[in-house]
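Please work through the exercises below with the sequence and the 3D structure at hand. Each task is followed by a solution in steps.

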Amino acid sequence: MTNKKSPSIHILGICGTFMGGLAVLAKQAGYHVTGCDANVYPPMSTQLEAQGISLMQGFDPEQVSLNPDIYVIGNVVSRGNPLMEHILNLGLPYISGPQWLAEHVLQGKWVLAVAGTHGKTTTSSMLAWILEYAGLAPGFLIGGVPQNFGISARLPGAPKQEPTGESPFFVIEADEYDTAFFDKRSKFVHYHPRTAVLNNLEFDHADIFADLAAIETQFHHLVRTVPNQGLVVANGKETSLKRVIDKGCWTPVEFFGGDDGWQADSLDAEGGFDVLLNGQAQGRVAWGILGEHNRMNALAALAAARHVGVSIEVGIAALAEFQNVKRRMEIRGVVNGITVYDDFAHHPTAITTTVAGLRHKVGKSRILAVLEPRSNTMKLGVMKDALPASLSDADLVFCYGEHLGWDAAAALEPIKHKSAVFNDLSALIEAIAQQAQTGDHILVMSNGGFGGIHAKLLERLAT
């Protein structure tokens, strides 16, 4: 009897949250998976190594000697990448990550896709957890690590309890960023959801979208793919989403957060709230997760879960046991009474809600906000004028200004009395440590590794 060779893929850009999750799914599906990237840092590198996936630093053309069945290309890879150029010259087979996922994982599944400028990761995590709690054993691919699962991706039918068979459900974080250098459509057009959540829609990704209307067009492409027996769950406060739906929608729509549909009421100091549907009380979410954005995320998750048959009562019970995603107001350590948080916020709207949520939690205690404007949109300076207002709830602001195409100090001029900009990471850490006092809360915000600032800052505070 001969052993059949496992199918193999080599992933270019494997340490991005999407491509790393795809790698995990492929490994679980029996593929031999290898990958490469320019920069490797936790939590994705840790997760991949724990899965036994071999990582290679850089894009050396010699990697073609691995001879995989196909190369899966992340959108971090552009023309001129030495490995990609070699693949093209040799005529080797390649495919985008979203298309590979659609063909090899999502085909035949009931896909629940969560789209939006903000809250995709948290809402996807809530939704996957509600389905898990209800015994539906969903698969998922999420752009972060949901702490209820400890992993960012898995195939369906692998619940914590004994499997009861293959689950049809798959929850995916549906990103509007483009697919690959050879496919400039948004990733989410590949997913063909039956349940689509439109969380919110603002201007972002200024490196690939000219204006908000261009993003609305992509969102309408997503709406066009939802069947008429499906469901669109949309934020009723967002005029941009109403414009998207008004362009044409062939699917029932449920709104949340607006004047009708799903609403949050009777907020308490701990973050708990009542769930209303069409004005009728459905139950109370009792949890310690703060911020209006998280209440909206919860309503969206409850609506999407109800579409696949999970009762609102069960969904509310699941949310009481929901643990937030890593890098979402995650406490990294407490030293001498000073608490250091890590958060993924990088867009001014997300910064505003994150700082406001922490302010609600800590009352009059000082908040030291530490910001790395690292996303492509922030590096271009498109949102720089909104930064001072987004940081109004912070007592002190420290900005890391290296590699920016604009003057961070000038942008923060309206709050210059409480802000400082540094181009050297060590100097930044030292300045924070000099200012920090017992009882302070240091909120570090970046969508990258930020040079390992959290551990370095905690070490410095300890001295």
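**Exercise 1.** Find how far apart the mean positions of the positive and negative charges of the protein are.

Solution. In this predicted model, begin by counting the charges, which gives 35 positive and 46 negative ones. Then take the mean position of each group and compare the two places, which lie 1 Å apart.

**Exercise 2.** Decide how the radius of gyration of the protein relates to the globule rule for its length.

Solution. Start with the secondary structure, which comes to 15 helices and 23 strands. The radius of gyration is 22 Å, and since the globule rule gives 23 Å for 463 residues, the two values are close, so the protein is as compact as a globular protein of that length. As a further step, the C-alpha trace can be followed along its principal axes, where it spans about 70 × 60 × 45 Å.

**Exercise 3.** Work out what share of the residues is buried, and what share of the accessible surface belongs to carbon and sulfur atoms.

Solution. Counting a residue as buried when its relative accessible area is under 20%, one finds that buried residues make up 57% of the 463 in the protein. The accessible surface comes to about 18,800 Å², and 49% of this area belongs to carbon and sulfur atoms.

**Exercise 4.** Describe helix H5, from its span to its cover and the residue Gly135 just after it.

Solution. H5 runs over residues 120-133, and its 14 residues reach 20 Å from the first C-alpha to the last, close to the 20 Å expected. Turning to cover, 13 of the 14 residues of H5 are buried, leaving the helix mostly covered. Just after H5, Gly135 takes a positive phi of about 85 degrees.

Terms used
Residues are numbered from 1 along each chain as its sequence is written. This is a predicted model: local features need pLDDT of at least 70, side-chain atom pairs count only at pLDDT 80 or more; totals for chains, interfaces and linings use all residues. Side-chain values use heavy atoms; hydrogens and water are left out. Helices (H or I, at least four residues) and strands (E, at least two) are DSSP runs, numbered from the N terminus. The radius of gyration is taken over C-alpha atoms; the globule rule is 2.2 Å times the number of residues to the power 0.38. Buried means under 20% relative accessible area, exposed over 50%, partly exposed in between (1.4 Å probe, protein chains only). Accessible areas come from the Shrake-Rupley method with a 1.4 Å probe; for residues, only the protein chains shown count as cover. Lys and Arg count as positive and Asp and Glu as negative; His and the chain ends are not counted. The place of a charge is taken as NZ of Lys, CZ of Arg, CG of Asp or CD of Glu. The expected span of a helix is 1.5 Å times one less than its number of residues.
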